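Me: I would like to work through this model one region at a time, with the cut-offs stated as they come up. Please reason through each reply and finish on what was asked.

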Amino acid sequence: MKTSQDKRILVVDDNRDAVESLSMLLQVSGYETSTAHDGYSACDAARDSIPSVIIMDLGMPWMDGFEAARTIRRMPGAKQIPIIAVSGNSQSDTPKKALAAGFTRHMTKPLDYDKLAQYLEEVA
């Protein structure tokens, strides 16, 4: 049986509307969500309360998603967290760069919520 601990998702994107929309969809699906709007805040949120899954935009100012993922991966207890990269860039090297930075999956915007939900069920 999954616990509420298994259903905590950190949603990270500098686009506040995207974060709020995705958070609401996830909450309706039974997940607990927290949000961050840049890489630094994502690292702080992950350190304060290790989520079961992180969904993070790659293209953010100051600290992008690549650097945030590398930083989170170095935190105690964070090596096994599924981190989903989200980007508007579908160039062939972006998914490869995301995996090299520590992401477990890359998804292209706009997100296909059904595919996201299926992946979350597999990992959460």
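Me: Which residues of α3 are buried?

Reply: Seven of the nine residues of helix α3 (residues 65-73) are buried, so the helix is largely enclosed by the rest of the structure, where buried means under 20% relative accessible area, exposed over 50% and partly exposed in between, with a 1.4 Å probe and protein chains only. The model is predicted, and local features therefore need pLDDT of at least 70, side-chain atom pairs count only at pLDDT 80 or more, and totals for chains, interfaces and linings use all residues. Residues are numbered from 1 along each chain as its sequence is written, and side-chain values use heavy atoms, with hydrogens and water left out. The buried residues of α3 are Gly-65, Phe-66, Ala-68, Ala-69, Thr-71, Ile-72 and Arg-73.

Me: Which elements does the cover over the buried residues of α3 include?

Reply: Elements are DSSP runs numbered from the N terminus, helices being H or I with at least four residues and strands E with at least two, while contact means heavy atoms within 4.5 Å. On that basis, what covers the buried residues of α3 includes α2, β3 (53-57), β4 (83-87) and α4 (93-101).

Me: Is the crossover from β3 through α3 to β4 right-handed or left-handed?

Reply: β3 and β4 pair in the parallel sense over four bridges, two strands counting as paired if DSSP finds at least two bridges between them. The chain passes from β3 through α3 to β4, and handedness is judged with the strands pointing away from the viewer, a clockwise path from the first strand over the helix to the second being called right-handed. By that test this β-α-β crossover is right-handed.

Me: Which residues of β4 are buried on each side?

Reply: Five of the five residues of β4 are buried, so the strand is largely enclosed by the rest of the structure. In a regular strand the side chains alternate between the two faces of the sheet. Both faces of β4 are covered, with Ile-83, Ala-85 and Ser-87 buried on one side and, on the other, Ile-84 and Val-86.

Me: How far from Asp-38 is the nearest side chain of opposite charge?

Reply: Asp-38 sits in the loop between β2 (32-36) and α2 (39-48), and Asp and Glu count as negative, Lys and Arg as positive, with His and the chain ends not counted. Asp-38 is buried yet has no salt bridge, which would require a side-chain nitrogen of Lys or Arg within 4 Å of a carboxyl oxygen of Asp or Glu. The nearest side chain of opposite charge belongs to Arg-16, at a distance of 6.7 Å.

Me: Which residues are linked with Asp-13 in a network of salt bridges?

Reply: Asp-13 forms a salt bridge with Lys-109, the closest N and O atoms being 3.1 Å apart; Asp-13 lies in the loop between β1 (8-12) and α1 (16-28) and Lys-109 in the loop between β5 and α5, so this pair ties together parts that are 96 residues apart in sequence. The side chains of Lys-109 and Asp-57 also meet in a salt bridge, at 3.2 Å from N to O. The network thus links Asp-13 with Asp-57 and Lys-109.

Me: What is the phi of Trp-62?

Reply: Most residues other than glycine have a negative phi. Trp-62, in the loop between β3 and α3, counts as exposed because its relative accessibility is 71%. Its phi is positive, with a value near 70°.
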